[in-house]
Amino acid sequence: MIFNEHFIEISYFIATALFILSLKWLSSPTTARRGVWAGEIGMALAILGTLLYRGIVDYKLVAAGLVLGTILGVPLGRVAMTAVPQRTALSHAFGALCVTLVGTSEFYLRAPDIPPFMMAVLSMEVILGSLTFTGSLMAAGKLQEVLPQRPITYKGQNFVNLALLALSVGIAVILVLRPNQVGLFPALIFIPLVFGVMLIIPIGGADMPTVISLLNSYAGLSAAAMGFVLNSKLLIIAGALDGSSGFILSVIMSKAMNRSFTNVLFGGFGQLQAAAGGEQESRPVKSATAEEAAAILSAASLVAIVPGYGMAVAQAQHKVRELYDALTKRGIDVRFGIHPVAGRMPGHMNVLLAEADIPYDRLLEMDVINGDFPQTDVALVIGANDVTNPAARNETGSPIYGMPILDVDRAHTVMVIKRSMAAGFAGIDNPLYYLDKTLMLFGDAKGFVGNIVRELSGGHD
Ligand code: NAP
């Protein structure tokens, strides 16, 4: 038994260290794989330690849970890269549901003799868990387009939402002072469940990735609160790590979009998009063929490739790798400009380009590559739109005004691969396309890049 307890303590200690190292390693592409392994081994150790806990009454139920979790988890791990944000939202929903159920059972096991501090953390656990559960389900539904993506707003919405939150906190305070008011507890679950739905309704589908990382933060905080309730240091640390990293990520994403948190949460951004998207310009643009694009590229000495959401949708990363090979073989210096919010999730472009084995040292962050554009012969934009829109620099009325962008318009020639003149995420026109130096290469990213590669290699693959 003593051996068991030591083993549990040691496995929790190692798991905690691995979680911290995992986060550290995940922050750089060169060590990210190691970070994933560290996180997975840490989690396996944490589960193993918990399974040895002598408080477990019935292993049959635990085994059933493990089997059920595996049956649900394996297909969830196999979704397409572009569906990762909604998959992540579902994981948060499950985690939050679990936290709420644990909190509920702990309340009924302990009530009415619950000390004030314990009741306060229990309330926080249940409030955050419940609102994260429905909020994450709503976010996943919007991203998967099973729910309408557009924000639904009405007068007094923020007031109603704040009132719901205040009501939950009020009930929590009553329960802290009088834990024998057991009948109030269901309201502590039900009101935040409604609040989770109401919180997400006014947020446009396109802002969901930021919201999901915020919900991640709530899920982490509720797990940390659960750690206090269950007296588990491992849960407190893991929850705090989850809570703070989710929060930091949301801040980074909001900054990269030049949006404040309040604007993301209460701004009804998608509505603005719809209005602005209506006014498409009909000015002429210059277009070119794959053959012409290949000729221009082969005459260049410095090429900057700027990928975006369209490259992800078309799954063009392997063709982009072939293009990179064909150009570097000709002695052309090829760099990639990575915008922090290109695509639909943080690190989206890095992951895709790494999958295609493009060397990490060719991937330059926005601040680094922006200084290179005036010397760049060709900026080749592949399925990116908003992150290259010069309106963000000079049109004060633009919804993306102030968002830092990749300054592709400062290159000698700009070529843009996209299928049409349609707008991107922000739903606005891009003045870049009407510049004299810009050539539009209309077509699917994968197909068009493939055609350029074929032209570069003399007409055969
Ligand atoms: P974007 O502005 O959404 O533009 C993507 C472009 O790709 C579209 O204009 C589309 O034009 C084109 N496209 C779509 N499918 C294509 C295909 N199969 N082949 C070729 N082109 C295709 O994307 P972005 O420049 O990457 O900017 C990302 C946006 O998402 C930013 O506004 C950012 O704020 C927002 N956002 C990002 C994150 C994140 O974490 N990364 C989170 C939240 C929001 P066509 O339809 O004409 O082809």
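This tour leads through a predicted model, from the whole chain to its ligand and then to selected loops and helices.

**Before starting**

Residues are numbered from 1 along each chain as its sequence is written, and side-chain values use heavy atoms, with hydrogens and water left out. As the model is predicted, local features need pLDDT of at least 70 and side-chain atom pairs count only at pLDDT 80 or more, while totals for chains, interfaces and linings use all residues.

**The whole chain**

Begin by displaying the entire chain. Its C-alpha atoms fill a box of roughly 80 × 55 × 35 Å, taken along the principal axes. The chain contains 18 helices and 6 strands; these are DSSP runs, numbered from the N terminus, with helices being H or I of at least four residues and strands being E of at least two. Of the 461 residues, 46% count as buried. Here buried means under 20% relative accessible area, exposed means over 50%, and partly exposed lies in between (1.4 Å probe, protein chains only).

**The ligand and its shell**

Select the ligand next. The space that it takes is the second largest pocket. A pocket is found on a 1 Å grid over the protein atoms alone, as an open set of points where a 1.4 Å probe fits, with protein on both sides within 12 Å along at least five of seven lines. A molecule sits in a pocket if more than half of its atoms lie within 2 Å of its grid points.

Then select the residues that surround the ligand, of which there are 29; a residue belongs here if one of its heavy atoms lies within 4 Å of the molecule. The closest are Asn385, Asp386, Arg419, Ser420 and Phe425. By class, the shell has 16 nonpolar, 8 polar and 5 charged residues. In this grouping Ala, Val, Leu, Ile, Met, Phe, Trp, Tyr, Cys and Pro count as nonpolar, Asp, Glu, Lys and Arg as charged, and the others, Gly among them, as polar. Helix α13 (residues 309-314) gives the most to this shell, with 3 residues.

Which atoms of Val341, Asn385 and Ser420 should be picked out? For Val341, a polar backbone atom is 3.0 Å from a nitrogen atom of the ligand. For Asn385, a polar backbone atom is 2.7 Å from an oxygen atom of the ligand. In Ser420, a polar side-chain atom lies 2.7 Å from a ligand oxygen. The protein covers 97% of the 920 Å² of accessible area that the ligand has on its own, as computed by the Shrake-Rupley method with a 1.4 Å probe.

**The loop between α8 and α9**

Move to Asn231 and Ser232. Asn231 is found in the loop between α8 and α9, and so is Ser232, with α8 spanning 208-230 and α9 spanning 233-256. Are these residues buried or exposed? Asn231 counts as exposed because its relative accessibility is 69%, whereas Ser232 counts as buried because its value is 15%. The side chain of Ser232 reaches the backbone nitrogen of Leu235 at 3.1 Å. Asn231 has a positive phi of about 55 degrees although it is not a glycine.

**Two further backbone features**

Select Gln315, in the loop between α13 and α14 (317-329). Its phi is near 55 degrees, a positive value in a residue other than glycine. Gln315 is partly exposed, with a relative accessible area of 34%.

Next, select Ala111 and Pro112. The peptide bond from Ala111 to Pro112 is cis, with omega near 5 degrees. Pro112 lies in the loop between α4 (84-110) and α5. Most residues other than glycine have a negative phi, and most peptide bonds are trans.

**Pairs to compare in sequence and in space**

Ile152 is found in the loop between α5 (116-143) and α6 (157-177). Ile152 is partly exposed, with a relative accessible area of 34%. Draw a line from its C-alpha to that of Ile200: the two residues are 48 apart in sequence and 9.0 Å apart in space.

Ala240 is in helix α9 and counts as partly exposed at 37% relative accessibility. Ala240 and Ile14 are 226 residues apart in sequence, and 17 Å apart from C-alpha to C-alpha.

End at Arg34, in helix α2 (residues 32-51). Arg34 counts as partly exposed at 45% relative accessibility. Arg34 and Ile236 are 202 residues apart in sequence, with 24 Å between their C-alpha atoms.

Technical notes: A polar contact is a pair of N or O atoms within 3.5 Å; within protein, one must be able to donate a hydrogen and the other to accept it, and residues adjacent in sequence count only if both atoms are side-chain atoms. On a 1 Å grid over the protein atoms alone, a cavity is a set of points where a 1.4 Å probe fits but cannot get out, and a pocket is an open set with protein on both sides within 12 Å along at least five of seven lines; lining residues have an atom within 4 Å of a point.
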